[in-house]
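Q: I am new to this structure and would like a close look at a single part of it. Please choose one aromatic side chain, start there, and then show me what surrounds it.

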Amino acid sequence: MLQLNQEVCMKVDDIFVQYYLFNMSSPVMITFPPGCQYLTQENIDAGKNAWGFDFFTKQQINVIACNHIGADNYFDSPLFADFINTLAIHLAQFPKRLGYGISRGGYAASLYADTLALDGALLLMPLSTYNPTLAPWDIKVISANKQHPTTTERKDAANCSTPLTIIYDPLSPADRKHAERYGESVERIRLPGVGHRISRTLQALGILKSIVLMYQHGEIDKHYFYTEVRRRRQTSFYFKGLSVNPTKKLTLKRLGIIYYHQLRFKLMHIEQQPQKIACRWRDSLRKRCPTIVISYKWLSPLSNNHLMLASGAFVFC
């Protein structure tokens, strides 16, 4: 089933599987992407690679990347589950098997971890289940079941007994509850104040690659991690995320401090505001008018004049 030193692509029901194996005597990574990284059939026909494939092949690390096709796809295909059972038999020859998943991908990685006999899995803000009766407090779970109802009860990935390393924001109520649903064989690494943006934060800080490779090589250096994530205050979304008061426990004084630092950050980066506003308008128009192609160049003439005025309104409102 598994071929060495060649790129192999296959479609297993509604999942696109792409792998490259350099050496059977080295560890293998099995990856699952977040929901926003779904592929379309057009993407596949155009040769777009599965999420995670490029990253690990550039490092010459054995990788089997599993990517969902379509936005309303939750890795719950019976045919894909059968494929996982077969894949597990062939993975037994590797000295170490590791999983890596983000958000929805974290759910899939932990859902199939025991079947794949993984030695461990790195999960960034994972969802533990898509069963609304088990997670009625998560809007993503409720929304998924409205958009993609199923007649069968969705499985619970929190029953996973594989050792997991979970990075999450304890101030994000839904993410915290998902992380707490997993069992005792879990190492929880906290990254407060960024919400459901763990991967975005690590990438913005330039340490996502280092963290993933540390895990792949054996263990994440906690001192390095907590030292580096202190710089999250320099990201544009940190204070914005705190200002929404996700825990509903912030006092007026604390909120005032957060708004002060948010305003200070915007004033220090005032030159970036026009471009951000242009991107927001473009994305908003795309959501509301999907048949219209919105070009950034169409908005760019406004950047130096009108958008600078608009940015002032955004800063001081």
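A: F32 counts as buried because its relative accessibility is 1%; buried means under 20% relative accessible area, exposed over 50%, and partly exposed in between, using a 1.4 Å probe and protein chains only. This is a predicted model, in which local features need pLDDT of at least 70, side-chain atom pairs count only at pLDDT 80 or more, and totals for chains, interfaces and linings use all residues. Residues are numbered from 1 along each chain as its sequence is written, and side-chain values use heavy atoms, with hydrogens and water left out.

The ring partner to look for is F75, also buried, with a relative accessible area of 1%. Rings of Phe, Tyr and Trp (its six-membered ring) pair if their centres lie within 6.5 Å; planes under 30 degrees apart count as stacked, over 60 as edge-to-face and the rest as tilted. By this rule there are 12 aromatic pairs. The centres of F32 and F75 are 5.6 Å apart and the planes meet at 85°, so this pair is edge-to-face. It links distant parts of the chain: F32 sits in strand β3, while F75, 43 residues apart from it, lies in the loop between β4 and α3 (78-91). Together with F80, F83 and Y112, these two residues form one aromatic cluster.

For contrast, turn to Y20 and F22. Their ring centres are 4.6 Å apart and their planes are at 45°, so this pair is tilted. F22 counts as partly exposed, because its relative accessibility is 24%.

Now step back to the sheet. Helices (H or I, at least four residues) and strands (E, at least two) are DSSP runs, numbered from the N terminus, and two strands pair if DSSP finds at least two bridges between them. Eight strands make an open sheet with mixed pairing, in the order β1-β2-β4-β3-β5-β6-β7-β8. At its edges are β1 (8-12) and β8 (186-190), each pairing on one side only. From one strand to the next, the twist averages 15°; axes are lines fitted to C-alpha atoms, for helices over the stretch in contact, and angles run from 0 to 180 degrees between N-to-C directions.

Strands β5 (residues 97-102) and β6 (residues 120-124) run parallel and are joined by five bridges. One residue to find here is Y100, whose bridge partner in β6 is L122. Helix α4 (residues 104-112) packs on the sheet, touching β3 (28-32), β4 (62-68), β5, β6 and β7 (164-168), and its direction makes about 150° with that of β5. Contact here means heavy atoms within 4.5 Å.

One more buried side chain is worth a visit: H178, in helix α6 (residues 173-181). H178 counts as buried because its relative accessibility is 0%. A polar contact is a pair of N or O atoms within 3.5 Å; within protein, one must be able to donate a hydrogen and the other to accept it, and residues adjacent in sequence count only if both atoms are side-chain atoms. The side chain of H178 makes such a contact with that of D138 (2.6 Å), and another with the side chain of S128 (2.8 Å). Leaving out residues up to four places away in sequence, H178 touches P126, L127, S128, T129, A135, W137, D138 and V141.
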